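Here is a short set of exercises to work through with your viewer open. Try each task yourself before you read its solution.

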Amino acid sequence: LHKRGVKSCCTRKITRCAPNFPVSKALYPQELRVVAQMAMLRLVYWVCILASSILPFVDIGIYITPFILIFMLGLTVSSIPLSIAWANETYGNMLLQCIVNVIFSIFIYSIFYVKSGLVIGGNLTATDLSTAVYFSGTTWTTVGYGDISAPEGIRLLTTLEAVNGYLAMAILMALVVLWLDDALKTARKYKQWINNASQEDIEKATGLNISELVDKTTEKNEKV
């Protein structure tokens, strides 16, 4: 995490949250467990990505892949509390992971539709990838225009994709709400600090000489 040593990360995190709190060695194993859990979740997540990328080209893949994709959503949910507890800056990474998960899932389902074909105009038709992605997207979002439907043999697959879409949308909306809430809190704290900060505090934080800037601006306005 953060491409730094575990102990230095733990020390820096505790110091940031409570500057006067003594860093005890007893806290180190707890922080180490959090790091281990996050690493394990990430490892399992990438194994699932690899498996779901290979299984669509195997005969039994149609029965296993949908459950792996739903399990990946469960891994994403499990990683949210750990990531937020470690650092609030991970909201963007979690949102990106969820969006990539959505795009990846839609594409994987479309591979099954290319292999099985789709019913267009009442007839089972060989389908190209663009049409399969279109049908997969409308199924995932549960829009279902009705112009294309799944053949009888893979109807359960479309149901599982719709369930996958419902769950993923709920997770995505929750992450957006959490991210916006954190951004608003940060903006309020910054505004409160600006209102209460002295000129010296602002100069230390920005590295600017406010008096000098004011004088230069005044001289410029007088010349104009």
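The exercises below go from the overall fold to single contacts.

This is a predicted model, in which local features need pLDDT of at least 70, side-chain atom pairs count only at pLDDT 80 or more, and totals for chains, interfaces and linings use all residues. Residues are numbered from 1 along each chain as its sequence is written, and side-chain values use heavy atoms, with hydrogens and water left out.

**Exercise 1. Lay out the secondary structure and the burial of the chain.**

Start with the elements: helices (H or I, at least four residues) and strands (E, at least two) are DSSP runs, numbered from the N terminus. The chain has eight helices and three strands. In sequence order they give α-α-α-α-β-β-α-β-α-α-α.

Next comes burial, where buried means under 20% relative accessible area, exposed over 50%, and partly exposed in between (1.4 Å probe, protein chains only). Of the 224 residues, 33% count as buried.

**Exercise 2. Check the span of helix α4, and say what follows this helix.**

The expected span of a helix is 1.5 Å times one less than its number of residues. For the 26 residues of α4 that comes to 38 Å, and the end C-alpha atoms are 38 Å apart, so the two agree. Just after α4, Gly 117 has a positive phi of about 85°.

**Exercise 3. Find the aromatic pairs and classify their geometry.**

Rings of Phe, Tyr and Trp (its six-membered ring) pair if their centres lie within 6.5 Å; planes under 30 degrees apart are stacked, over 60 edge-to-face, and the rest tilted. Searching the whole structure gives two aromatic pairs.

Step one: Tyr 113 and Phe 135 have ring centres 4.9 Å apart and planes at 80°, so this pair is edge-to-face. Because Tyr 113 lies in helix α4 (residues 91-116) and Phe 135 in helix α5 (residues 129-140), the pair ties together parts that are 22 residues apart in sequence. Tyr 113, at 0% relative accessibility, counts as buried, and so does Phe 135 at 7%.

Step two: Tyr 134 and Tyr 145 are stacked, with 6.5 Å from centre to centre and 0° between the planes. Tyr 134 is in helix α5 and Tyr 145 in the loop between α5 and β3 (148-149), 11 residues apart, so that distant parts of the chain are linked. Tyr 134 is partly exposed at 34% relative accessibility, while Tyr 145 is exposed at 60%.

**Exercise 4. Count the disulfides, then look at Cys 48 and Cys 98: buried or exposed?**

With a disulfide taken as a pair of cysteine sulfur atoms within 2.5 Å, the search of the whole structure returns zero. Cys 48 counts as buried at 9% relative accessibility, and Cys 98 counts as buried at 1%.

**Exercise 5. Locate the salt bridge and place its partners.**

The criterion is a side-chain nitrogen of Lys or Arg within 4 Å of a carboxyl oxygen of Asp or Glu. The structure holds one salt bridge, in which the side chains of Asp 181 and Lys 185 meet at 3.4 Å, N to O. Both residues lie in helix α6 (residues 155-196), four residues apart, which is about one turn of the helix. Asp 181 is partly exposed, with a relative accessible area of 35%, and Lys 185 is partly exposed at 44%.
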